[in-house]
Amino acid sequence: MLLLSFNISNERYVIETVNVIEIIPMVLLKIIPGAGKVVAGMLNYHGQAVPVIDINALCNSDVVKKSLTSRIILLRYKEKHILGLLAERVTETLHINDSEFNDIGIKVSDYDFLGKVAEHDDSLLQLINIENLLSESLEGALFSTASPFGGE
C-alpha cells in the first residue's frame, strides 16, 4: 500500500493514498460559527465548498498548529464527497505491505476510524480508516445529499 503519513500530537498516523485527491498548503478557511473546533472551516476547491476537519481536534488533542509542514489533505470521502483533513507534519509517503499491519486488540468507542498498526523506522504507525472518520451526526451536518462524484 502507498500511504501518506502525518502526526496527531507526537504520534504518527497514515492514510491510504488511494482516496487522496490533492495535498495543499494551509489556506485561509471560512470559519463556520458554532461548528466547534473539529470543523476547521470551509475552503473553495474549484468552485465547490469543501468542509475541512482538524484531525487533532477530532482526536481530542490541541488543534493543528500552523507550520511549514501542516497541510490540508483533500480526500474522496465515501466515494461521493470531498473532505479536507487538516494535519501536521504531512511530510512523506511510505510503501508498507498490508500484511505488516496488525490489529491492536483495543476498540475505543467514538474512534472507529483508528485501524491497524505497523512498525516503521522504530515507531508505530496507525492506519486511519477514512470511511469511518466522521460520526453519523457530523457527516450529516457537513454533507447534503448532493454529490460532486455523481452518487447520492
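Pockets, salt bridges and helix α2

The second largest pocket is lined by M26, V27, L28, L29, I31, A40, D54, V63, V64, K66 and L86. This is a predicted model in which local features need pLDDT of at least 70 and side-chain atom pairs count only at pLDDT 80 or more, while totals for chains, interfaces and linings use all residues. Residues are numbered from 1 along each chain as its sequence is written, and side-chain values use heavy atoms, with hydrogens and water left out.

A pocket is found on a 1 Å grid over the protein atoms alone, as an open set of points where a 1.4 Å probe fits, with protein on both sides within 12 Å along at least five of seven lines; lining residues have an atom within 4 Å of a point. The second largest pocket has a volume of about 240 Å³, where a volume is the space filled by probe spheres set on the points, and grid points are joined across faces, edges and corners. Its lining divides into nine nonpolar, no polar and two charged residues. In this count Ala, Val, Leu, Ile, Met, Phe, Trp, Tyr, Cys and Pro are nonpolar, Asp, Glu, Lys and Arg are charged, and the others, Gly among them, are polar.

The largest pocket holds about 340 Å³ of space. Its lining has 16 residues, and D110, F113, L133, L134 and S135 lie nearest the centre. By class, eight of the lining residues are nonpolar, three polar and five charged. Helices α1 (55–58) and α2 (136–142) each supply at least two residues of this lining; helices (H or I, at least four residues) and strands (E, at least two) are DSSP runs, numbered from the N terminus. The most is given by α2, with three residues.

Two residues of helix α2 can be followed further. L138 lies in this helix and counts as buried at 17% relative accessibility; buried means under 20% relative accessible area, exposed over 50%, and partly exposed in between (1.4 Å probe, protein chains only). Leaving aside residues up to four places away in sequence, L138 touches V38, V39 and I53, contact meaning heavy atoms within 4.5 Å. L138 and A35 are 103 residues apart in sequence, yet their C-alpha atoms are 9.7 Å apart in space.

E139 is also placed in helix α2 and is buried, with a relative accessible area of 18%. Outside the residues up to four places away in sequence, E139 touches Y77, K78 and L134. A polar contact of 2.9 Å joins the side chains of E139 and Y77; such a contact is a pair of N or O atoms within 3.5 Å, where within protein one must be able to donate a hydrogen and the other to accept it, and residues adjacent in sequence count only if both atoms are side-chain atoms.

The side chains of E139 and K78 also meet in a salt bridge (2.9 Å, N to O), that is, a side-chain nitrogen of Lys or Arg within 4 Å of a carboxyl oxygen of Asp or Glu. K78 lies in the loop between β6 (71–77) and β7 and E139 in helix α2, so the pair ties together parts that are 61 residues apart in sequence. K78 is partly exposed, at 28% relative accessible area.

The whole structure has two salt bridges. In the other, the side chains of E92 and R12 meet at 2.9 Å, N to O. E92 lies in strand β7 (residues 81–95) and R12 in strand β2 (residues 11–16), so this pair ties together parts that are 80 residues apart in sequence. E92 is partly exposed at 32%, whereas R12 counts as buried at 18%.
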